[in-house]
Every structure is written in C-alpha cells, then in structure tokens.
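Me: I have a new structure open and need a quick tour. Can you take my questions one at a time?
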Amino acid sequence: MIRFVFFLSVLVETELLCSVALIQIEFCVDLFLCFCFQAPAYHLILEGILILWIIRLLFSKTYKLQERSDLTPKEKEELIEEWQPEPLVPPVPKDHPALNYNIVSGPPTHIITVNGKECINFASFNFLGLLDNEKVKSAAQASLKKYGVGTCGPRGFYGTFDVHLELEERLAKFMRTEEAIIYSYGFATIASAIPAYSKRGDIVFVDEAACFAIQKGLQASRSNIKLFKHNDMADLEQLLKEQETEDQKNPRKARVTRRFIVVEGLYMNTGDVCPLPELIKLKYKYKVRIFLEESLSFGVLGEHGRGITEHFGINIDDIDLISANMENSLASIGGFCCGRSFIIDHQRLSGQGYCFSASLPPLLAAAAIEALNIMEDNPDIFQTLRAKCERIHKALQGISGLKVVGESFSPALHLQLEESCGSRENDVKLLKRIVDYCMDSGIALTQARYLEKEEKCLPPPSIRVVITVEQTEQELDKAASLLKEAVQSVLN
C-alpha cells in the first residue's frame, strides 16, 4: 500500500514537471516569434547565415592530413650532406684590429712600452698622471696587505668594506652633494643608473653623440628614446614641444610618464662640451630631469676639477644625477654616481651593477681616495692640464688632410679626415697607417674604436690624441710636428 502511494506521488510530480516544461517551451517559442517580428531584417539574415554555417560545419567531412611519404635512407643522407648550418658568429677577417692588438709591457705611464718599443704615451686616459704616483701606489699596497686582493661578494652580501664607505663619503664631499655610490666597473655605472630610474613607457631625450655605455643603459631601460642632434638645443626643444603636445592629448598618461635628458659633460666621441646652461633652462621650462655623464670632464674641468657644473658655475643641485668613472683622472677602476640622498639610495636597491657585481677591491678604493687627496691638495694641476690641451690643440691646426674635432680644453681630441677615401674601411686603413708611422717614431697614438653594428649613430673614423699633465711642451710640439709629417707622407 505504501509503495502504491509513493508511486502515485512520483507520477503526479512528473506530470507537474512536464507541464512546467511545456509551459516554458511555449513561452520561449512565443518570445522567439515576438522577437522575429520585432527584430530588423538584417539581424534575422545574419542569424540565418550563422545557423546555416553551423549546420554545414556539423555535417561536413573532417579534414584529413595528406599522407607524407617517408624518405629513403639514401635521400636522408643526401639532405644532410646538402644542409649548411648558419655560422655562430659572422666571419671576421684575420687582419681585424680587435684581433691584432698592441701589447703593453709595464705601466701605461708617461713613457709606455708598446710591442717592445718605448714611446711617449698619447693614448692612455691618465689625465692627471696619477697612475704611477708613489703616494697612490703606497696607499694601494697598504690596503692590499690589510684587506687582500678582492672582495668576492656584492655590497649587500659581505662586500661592503669600511674603505668603500670612506670613498663614497669623500666623493660626495668633493662634489658637494648629499651622497655618492660607487660601482666596481666604470662602464656599468651609467649603464646601471639609467635603467634604475627610467622604465618602460618613460621618455628619454638623448644626444645622438652619446657614448656606448649610455646607449646600453638606454637599451636596458626599455624606455622610449628620442635622439636630438649633437649639442643642438633648438632640435631638443622641438622634441620637447612635440612631447608637450602629446601629453596634452592624454593628460592621464602624462601624469605617470617620467621624462629625462641624458647628456655628457665632455663627449667621448667628439670632445665637445655640452651647453649645460641652456639645458638647465629647458629642464625647468618643460619639467624634465637631467642625467649628466662626466667620465671625461670629472677631474678635468673647473677650478677644482669638479666637472662641468663648476666649469659653468651652475648649482650642482640643478642636476638630478651625476655619473662618472674613476678610470681616467683618478687612475683607478670603477665609477660613481652622486646627487641627493633619496636618489642615490634608490640605486642601492635597483642598480644592477651595484647589487649583483662583486664590490670594488679595497686596494683600488684606497688608491682613489689618495688620488682625491692629491686633487684637493694641488688645484693648480687642472690649470696645467688645460694649458697643455690648448697648446697641442693650436699646434694641430692647419694639418692638410686632417681636421681637429673637440674643444681646445678637452684632454681627448679627435683627428678626422677632411675628405673620405670612399668607404669607411679605407678611411680606417689610412688612419692606421698614420698611427703606425707615429708609433715607429716614438709617439703612441690610437684610433677611436666602435662596435659598428651596435652604435646608434656611428661616429666617423678618427685618431684619438690624449693629453696628460706629464707631457712636456717639447713632447707636445714633437707630437704635433710628427703628425704633420705622417699625414704628408701617407696622404701624398
């Protein structure tokens, strides 16, 4: 009896569900018919085409891959013999300069021994002659006995020595900034500093003559790069105006986009000085930040060797970040950045060369400190260097076939051909003959070298002439006279 009652209840529930389902179906059909009468004609046509396409896909035959015939062993061997893999690196001629370098014996001081021949050194960036200074060497030797050779760890992992902190404090005091940070590799200094601040989406305005280290830093930042003509402030302002117009179209994006100007104090590739006073005006007019690379101007320009800011009498606080290496005037290794504390502290967390490279060997830090002592105790050394730069710059004027590129006070000048031989390769070979002629006569010069396929704006081939305080007036005159003789001999 109980089972029968249960069966009846189930039957009633099933009939109720069926009734509800029929009502729902009837409602959907009515809704569809109502929609069909109300919908536009083009809508119904598109739905009809879509339904027909679905039906075609459902009933069409599946696509079958064409059966491939297996190759015979002989055919496989023939294909393998014909296949030629691409070379891992492009072919390089055996006479390439990078594969036939000059070998130096002994310290690259005022007199340098190159390939067994003694020459007067006009090639090394030892501007202040501190590389073989007895005080500097004594400081390095004392540090070597105390700390050992290296550090074997980055600054954040037991690589920070007291001598590092002392050097950073001394550099900040010398440059009259709040704080400084040192790197163990000069090239990596600006190449790490730029991507520490400029990220994807940010905008960097950079001089087209910027050195390779700046170019690598910009590449690592993945920012939007806008090149302006070398030292052309009108071209730079035009780019800044165009960017200002773009920002007005999208103010929301503009609020989160950072803008930088990256320049060198003295340009490595040209020997020109940047027009810093005009850059400062553009900075405040268009609200951009300035990064200044001073590897060539630090320890050279200014009454006390503080660089281009002292040279122009500009407040150093107007520059957001200053970078320089310690491998030229200080005759050590590595580099540094200086500026306000909150800017420098950010690099301790984001500067790749600082965070991941072994810190500067203490002996090199001690040598840099002693070099700073000498610079502070002998401010006349900068006037001596400037006078010698101006002397040889004047002496090199009027060489038929060559033109002097660079400021008269720059310690690194470029000599370029007035007229090309028709190709860059031929120009390089011709300049090499001039360098070899001078080398045979006891004057060591060098050609400016570039990674031709990597440079954004490849500079023309040139001979680089480097001036130091150790060179005498007679040696400067001899070098200029010998260059004139070499050019006449080679070009004629």
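Reply: Sure. One term to start with: a residue is called buried when its relative accessible area is under 20%. Also, keep in mind that this is a predicted model.

Me: Okay. Is Q471 buried or exposed, then?
Reply: Q471 has a relative accessible area of 0%. That is under the 20% cut-off, so Q471 is buried.

Me: Where does Q471 lie?
Reply: In the loop between β15 (463-466) and α17 (473-491).

Me: Which backbone atoms are paired with its side chain?
Reply: The Q471 side chain reaches the backbone oxygen of V466, at 3.2 Å. A polar atom of that side chain also lies 3.2 Å from the backbone nitrogen of T468.

Me: What is Q471 in contact with, leaving aside neighbours within four places in sequence?
Reply: H110, N121, F122, K388, V466 and L476.

Me: Let's zoom out. How many helices and strands does the protein have?
Reply: There are 17 helices and 15 strands. The protein has 492 residues, and 46% of them count as buried.

Me: And how much accessible surface?
Reply: About 28,200 Å². Carbon and sulfur atoms hold 57% of that.

Me: What about contacts across the sequence?
Reply: Take the contacts with a separation of 6 or more. Residues 24 or more positions apart account for 68% of them.

Me: New topic: α7. Why call helix α7 largely enclosed?
Reply: Helix α7 covers residues 212-221, and 7 of its 10 residues are buried, so the rest of the structure largely encloses it.

Me: Which ones are buried?
Reply: F212, A213, I214, Q215, G217, L218 and S221.

Me: What covers them?
Reply: The cover includes helix α6 (186-197). It also includes the strands β5 (203-207), β6 (224-228), β7 (259-264) and β8 (289-293).

Me: What comes right after α7?
Reply: R222 follows the helix. Its phi is positive, near 60°.

Me: K216 isn't on your buried list. How exposed is K216?
Reply: K216 has 25% relative accessibility, so it counts as partly exposed.

Me: What does its side chain meet?
Reply: The side chain of E454, in a salt bridge with N to O at 3.7 Å. K216 is in helix α7 and E454 is in the loop between β14 (446-447) and β15, so the pair ties together parts that are 238 residues apart in sequence. E454 is at 44% relative accessibility, so E454 is partly exposed too.

Me: How many salt bridges does the structure hold?
Reply: It holds 20.

Me: Show me another one.
Reply: R424 forms one with E452, and their closest N and O atoms are 3.5 Å apart. This pair links distant parts of the chain, 28 residues apart. R424 is in helix α16 (residues 424-440), while E452 is in the loop between β14 and β15.

Me: How accessible are those two?
Reply: R424 has a relative accessible area of 23%, so it is partly exposed. E452 is partly exposed as well, with 48%.

Me: Which salt bridge has buried partners?
Reply: D320 and K283 are both buried. Their side chains meet in a salt bridge at 3.2 Å, N to O. D320 sits in the loop between α11 (308-312) and β9 (321-325), and K283 in helix α10 (residues 276-286), 37 residues apart.

Me: Which residues are linked in a network of salt bridges?
Reply: R155, E168, E179, D345 and R348.

Me: Now the outside. What makes up the nonpolar surface patch of about 780 Å²?
Reply: L50, I51, L52, I54, I55, L58 and F59. F59 belongs to helix α2 (residues 41-59). F59 has 70% relative accessibility, so F59 counts as exposed.

Me: What does the UniProt record say about that stretch?
Reply: The unreviewed UniProt entry annotates residues 42-59 and 180-198 as "transmembrane region".

Me: What is the chain like over residues 180-198?
Reply: It is 63% helix and 21% strand in this model. The end C-alpha atoms are 19 Å apart.

Me: Last one: L396. Where is L396?
Reply: In the loop between α15 (380-395) and β11 (402-405). At 1% relative accessibility, L396 is buried.

Me: And what is L396 in contact with, neighbours within four places aside?
Reply: V404, L413, L415, A480 and L483. L415 is 19 residues away along the chain, and the two C-alpha atoms are separated by 8.9 Å.

Notes. Residues are numbered from 1 along each chain as its sequence is written. This is a predicted model: local features need pLDDT of at least 70, side-chain atom pairs count only at pLDDT 80 or more; totals for chains, interfaces and linings use all residues. Side-chain values use heavy atoms; hydrogens and water are left out. Helices (H or I, at least four residues) and strands (E, at least two) are DSSP runs, numbered from the N terminus. Buried means under 20% relative accessible area, exposed over 50%, partly exposed in between (1.4 Å probe, protein chains only). A polar contact is a pair of N or O atoms within 3.5 Å; within protein, one must be able to donate a hydrogen and the other to accept it, and residues adjacent in sequence count only if both atoms are side-chain atoms. Contact means heavy atoms within 4.5 Å. Patches are made of residues with over 30% relative accessible area and no salt bridge: like charges are joined within 9 Å, nonpolar side chains (Val, Leu, Ile, Met, Phe, Trp, Tyr) within 5 Å. Accessible areas come from the Shrake-Rupley method with a 1.4 Å probe; for residues, only the protein chains shown count as cover. A salt bridge is a side-chain nitrogen of Lys or Arg within 4 Å of a carboxyl oxygen of Asp or Glu. UniProt positions are given in the numbering used here, feature names are shortened, and annotations may be inferred rather than shown by experiment.
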